[in-house]
Structures are given as structure tokens and as C-alpha cells.
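Hi,

Here is the structure I promised to pass on. Have a look at it first, and my notes on what turned up are underneath.

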Amino acid sequence: MEKVRKHAARSLPIGPEKARHCDGLRRGRAPLALALGAVLGLAVVLLALVALGALRDADLWLARGARALAAPWLTQLLWAVSWLGWQPQVALIGVAVAGGLFWRRLVLESGFALLTLVGGTPIYLFMTLLGFRPRPVHTLGGFPGERTLEGTSFPSGHVITYTLFCGFLAYLAYTLARRGWMRWIGVALALTVLLSIGPSRVYLGQHWFSDVLASYLLGAALLVATLVAYRAAKRRQLARIPVLAVAAPRGGDD
């Protein structure tokens with residue numbers, strides 16, 4: 001524990017590191033605006049579909065289309081995407097990522113990464129109390145890689161968790177990566193997983209399209225709140241460091 005405490009105590013970005021983190025904070029305005037735009041856009045689409053009475057038709061059409069698209073390679077790929085979101089693998093991945101951030105002396109970021117991993121759970125549990133909705137696999141059957149799950153179809157815990165966790169990691173990659181190619185590879189990987197989980201849940205018959213759309217909306221709204229809180233905490237962290245502080249040895253941090 002003493003080693004962990006000392007490691008955390010040396011986590012403040014000093015000297016040139018502070019300049020890099022300040023630059024990342026400024027750069028982070030764009031992805032925050034993008035996340036807010038996603039919330040508004042998803043809300044508009046969902047409200048339009050509700051107003052037009054098209055949700056049920058869209059749900060049935062896409063669910064039947066998913067069954068028609070069945071292919072072994074696609075089933076394996078999308079099953080793997082969903083598999084990452086079940087326990088214990090999602091917990092192991094989250095702890096590994098948070099541990100890696102902590103080891104890189106990104107202690108604040110490590111804590112927020114853990115928060116995004118579990119932060120959507122209360123919202124998910126509350127939403128499940130609003131009413132039971134049968135899953136497509138229970139209603140239609142015949143889905144590729146069919147696996148019967150208990151519980152309600154709305155909302156999708158996978159989508160909420162992936163949107164929060166992968167969205168936050170994409171933000172960190174964009175704002176803190178040292179090199180441009182590292183930044184864009186990190187963003188691309190995180191967003192690829194985030195955007196593929198929705199189609200995966202529909203394809204496997206575990207959720208309706210409207211469940212996924214609403215869950216992306218919930219996850220994006222939580223992501224915006226998380227990013228606002230993280231940026232406020234980051235400003236307070238950086239404000240504690242003298243502008244002309246001399247860089248201290250960082251013990252292997254390149």
C-alpha cells in the first residue's frame with residue numbers, strides 16, 4: 001500500500017507534462033461537443049420515430065433482417081463483441097485498463113475509467129423497473145448464435161456500458177496520447193467497439209432496435225456528464241501545479 005500511495009503522490013503532471021495535459025484539456029472541448037451533439041441527435045431521432053409511430057415497424061423489420069443476414073463469420077464476430085460485455089470479462093478488462101492508467105501515473109483518469117465501468121448500472125437497473133419487454137429471441141426466435149437470456153429487453157446494459165467506457169477511453173486517447181498516430185488508433189479502436197455493440201445486440205436477437213437506440217442515448221447522456229465532471233476535476237488538478245515547476249524524475253515514464 002505504501003508503494004501505491006507514493007506512486008499516486010507522484011502522479012501530478014509536472015513541467016512539460018503539465019503543458020501536455022493543459023493542451024489535452026483544450027483539445028477535449030471538441031469530443032465533448034461531439035458527445036453532446038450525439039445526445040441531441042439521438043433524442044431527435046427517437047422522438048421522431050415515436051411521433052411517427054414507426055418504432056414497432058422498425059423493430060420488426062430490423063429483427064427479421066438480422067435473421068436473414070445470418071452468416072457464420074458475422075455471427076462469430078458480433079458474438080465476440082457482445083461476449084466482452086459479460087462478466088467476468090468486462091470486469092477484468094476494466095480493471096486492467098484502470099490499472100494500466102494508474103501505472104502510467106494517470107491516477108485521476110484511472111478512477112474515472114472505473115467509474116464509467118459501473119456508472120451506468122444504477123440507471124440500467126432503474127430503467128428495467130419501468131416495465132418488462134420480451135426480447136426478440138423470445139418473440140421471433142431463429143436468430144444466429146441464439147442464446148436465451150432472462151430479463152427484459154429494455155434497456156441494453158451492454159450498450160450503456162460500452163458507450164460510457166469506450167467513449168471515455170476514446171476521449172482519453174484523443175486528449176492525452178503523445179503522438180498523432182497513437183491518438184487516432186486509440187480513438188478508432190474505442191469507437192469501433194462502441195459502435196459495433198448496438199448492431200451486435202440486434203443481430204443476436206437480444207434487444208430490439210429501439211432498445212439499442214434508447215440505450216445509446218442514455219449512455220451518451222451519462223458520458224457527457226462524466227466528461228464534464230472529469231474536465232472539472234482535471235482543471236483543479238492542473239491548477240495545483242506551479243506553471244514553472246521543474247520536471248521531476250518520472251521513474252520510467254517516457
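**The core**

The largest nonpolar core holds 24 residues, and the ones with the most contacts inside it are Leu46, Phe168, Leu172, Leu223, Leu227 and Tyr230. Helix 3 (29-52), helix 7 (107-118), helix 10 and helix 12 each put at least two residues into this core. Helix 12 gives the largest share, nine residues. As for Leu46, if you leave aside neighbours within four places in sequence, leucine 46 is in contact with Leu55, Leu213, Ala214 and Leu217.

Keep in mind that this is a predicted model.

**The chain overall**

The secondary structure comes to 12 helices and zero strands. Of the 254 residues in the chain, 44% are buried. Take the contacts between residues at least 6 apart in sequence: 82% of them join residues at least 24 apart. The chain exposes about 13,300 Å², with carbon and sulfur atoms supplying 72% of that.

**Helix 11**

I spent some time on this one. Helix 11 covers residues 180-203, and at 1.5 Å a residue its 24 residues should span 34 Å; the end C-alpha atoms are 35 Å apart, so the two values agree. There is a bend, though: helix 11 turns by about 30° at isoleucine 197, and proline 199 follows within four residues. Just after the helix, glycine 205 takes a positive phi of about 75°.

Which residues of helix 11 are buried? They are Arg183, Val187, Ala190, Leu194, Ser196, Ile197, Gly198, Ser200, Arg201, Val202 and Tyr203. The cover over these buried residues includes helix 2 (16-27), helix 4 (55-68), helix 5 (72-83), helix 10 (157-176) and helix 12 (209-239).

**Threonine 163**

One more residue to click on: threonine 163, in helix 10. Is threonine 163 buried or exposed? Its relative accessible area is 4%, which is under the 20% cut-off, so threonine 163 counts as buried. A polar atom of the threonine 163 side chain lies 2.7 Å from the backbone oxygen of valine 159. Not counting residues up to four places away in sequence, threonine 163 touches Phe168, Leu194, Tyr216, Gly219, Ala220 and Leu223. Two names there come up elsewhere in this email: Leu194 is one of the buried residues of helix 11, and Phe168 is among the core residues with the most contacts inside the core.

Cheers

Technical notes. Residues are numbered from 1 along each chain as its sequence is written. This is a predicted model: local features need pLDDT of at least 70, side-chain atom pairs count only at pLDDT 80 or more; totals for chains, interfaces and linings use all residues. Side-chain values use heavy atoms; hydrogens and water are left out. The expected span of a helix is 1.5 Å times one less than its number of residues. The bend at a residue is the angle between axes fitted to the seven residues ending there and the seven starting there. Buried means under 20% relative accessible area, exposed over 50%, partly exposed in between (1.4 Å probe, protein chains only). Contact means heavy atoms within 4.5 Å. A polar contact is a pair of N or O atoms within 3.5 Å; within protein, one must be able to donate a hydrogen and the other to accept it, and residues adjacent in sequence count only if both atoms are side-chain atoms. Accessible areas come from the Shrake-Rupley method with a 1.4 Å probe; for residues, only the protein chains shown count as cover. A nonpolar core is a set of buried Ala, Val, Leu, Ile, Met, Phe, Trp, Tyr and Cys residues joined through side-chain atoms within 4.5 Å.
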